[in-house]
Amino acid sequence: MDQPTVGILHPGSMGAAIAACAAPNAGAVVWCTAGRSAASTVRAEQFGLAPVATLSELLDRSDIVISLCPPAAAEDLARDVAGHRFAGVYVEANAINPERAQRIAALLEPGAIVVDGGVVGSPPVRGKTPTLYLSGPAAATERIEALFAGTAVRTALLGTEVGKASALKLAYSSFQKTSRVLVALAVGMAREHGVDQELIEVASRRTDSYLSEPQYVAKTAARAWRWGPELEEAADALAAAGLPAEMLHAAASTLARWDDAKDDGELTLTDALERLTQP
């Protein structure tokens, strides 16, 4: 049975927990101490990761390397790995756009086999079970799938094209994280006027996620001529409360692309999305 050595780059709260889940199916899981903080050392020790002194040593020992770092550092980190001529499987699991994932693949190939990854969910601790979406060469993605078999990290294969996993991750993140910011703005505006508890009560009557109802996009487009000005009014209310209003101005600007769909009851999801691509 394949028992690869796995190297985890920059083990933060997500990376260290993901790496620890790989341990039962790996020969060893290692991390590089060079340039890392005391907090990283404590975290790695808590998760049972084996330290090595240098990046070169980690790459020499590892059959599989998993990169989980701040998105801005992903390409530079891959460039460092490429400089050492790593020749194993490189899992690019950062929250980066598909084009960057493809650039990283070009940096590392043909020596390494690059798998595009995207983690959706919380770190796999205290009963949490995130999903690691994978796209890239079939043999390599299947190897990563086997690495996490029977662990708290679920895997899902998206095909052989590098960039698909990154696209899914960012598509979901764009909704999830922006919606959290919108919550802050909505509650902030309501609190300014003493109606924040009432707002929460109104919202509690609906628990479904709009993201699970893409068919509603066409209805949104048909109502955009009314909703856009409403959001501009809301933006003015945010500004009056001393809160940032740029997000709602941007949303109103997006709605304006649907102005010519006014009350169009025949509009389809495809039609609505195509209109968004037209300036």
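**Reading salt bridges and strands**

Analyst: D76 counts as partly exposed, with a relative accessibility of 47%. The model in which this value was computed is a predicted one.

User: Which residue meets the side chain of D76 in a salt bridge?

Analyst: The general idea comes first. Side chains of opposite charge can pair when their charged atoms come close. In this structure, the partner of D76 is R79, with 2.9 Å from N to O. R79 and D76 are three residues apart in helix 4, so about one helical turn separates them.

User: With which other residue of helix 4 does R79 form a salt bridge, and how far apart are the two along the helix?

Analyst: The side chain of R79 also meets that of E75, at 4.0 Å from N to O. Because E75 and R79 are four residues apart in helix 4 (residues 74-83), about one helical turn lies between them.

User: Are E75 and R79 buried, partly exposed or exposed?

Analyst: E75 is buried, at 13% relative accessibility, whereas R79 is partly exposed, with a relative accessible area of 40%.

User: Which residues make up the network of salt bridges to which these belong?

Analyst: The network links E75, D76, R79, R100 and R103. The search of the whole structure finds eight salt bridges. Among them is one between R205 and E201, whose closest N and O atoms are 3.7 Å apart. R205 is exposed, at 64% relative accessibility, and E201 is partly exposed, at 47%.

User: How should one describe aromatic pairs, and how many does the search find?

Analyst: A pair of aromatic rings is described by the distance of the centres and the angle of the planes. Here the search of the whole structure finds zero aromatic pairs. A ring can nevertheless be examined for a charge over its face: K262 lies over the face of W225, at 4.2 Å from the ring centre.

User: In what order do the strands of the sheet lie?

Analyst: The eight strands form an open sheet with mixed pairing, in the order 3-2-1-4-5-6-7-8. At the edges are strand 3 (50-52) and strand 8 (154-157), each of which pairs on one side only. On average, neighbouring strands are turned by 30° against each other, direction ignored.

User: In which sense do strand 1 and strand 2 pair, and where does helix 4 lie?

Analyst: Strand 1 (residues 5-9) pairs with strand 2 (residues 28-32) in the parallel sense, over four bridges. The bridge partner of I8 in strand 2 is W31. Helix 4 lies across strand 1, strand 4 (64-67) and strand 5 (89-92), and runs at about 170° to strand 5.

Terms used
Residues are numbered from 1 along each chain as its sequence is written. This is a predicted model: local features need pLDDT of at least 70, side-chain atom pairs count only at pLDDT 80 or more; totals for chains, interfaces and linings use all residues. Side-chain values use heavy atoms; hydrogens and water are left out. Rings of Phe, Tyr and Trp (its six-membered ring) pair if their centres lie within 6.5 Å; planes under 30 degrees apart count as stacked, over 60 as edge-to-face and the rest as tilted. A charge sits over a ring if NZ of Lys or CZ of Arg is within 6 Å of the ring centre and within 35 degrees of the ring normal. Buried means under 20% relative accessible area, exposed over 50%, partly exposed in between (1.4 Å probe, protein chains only). Two strands pair if DSSP finds at least two bridges between them. Axes are lines fitted to C-alpha atoms, for helices over the stretch in contact, and angles run from 0 to 180 degrees between N-to-C directions. Contact means heavy atoms within 4.5 Å.
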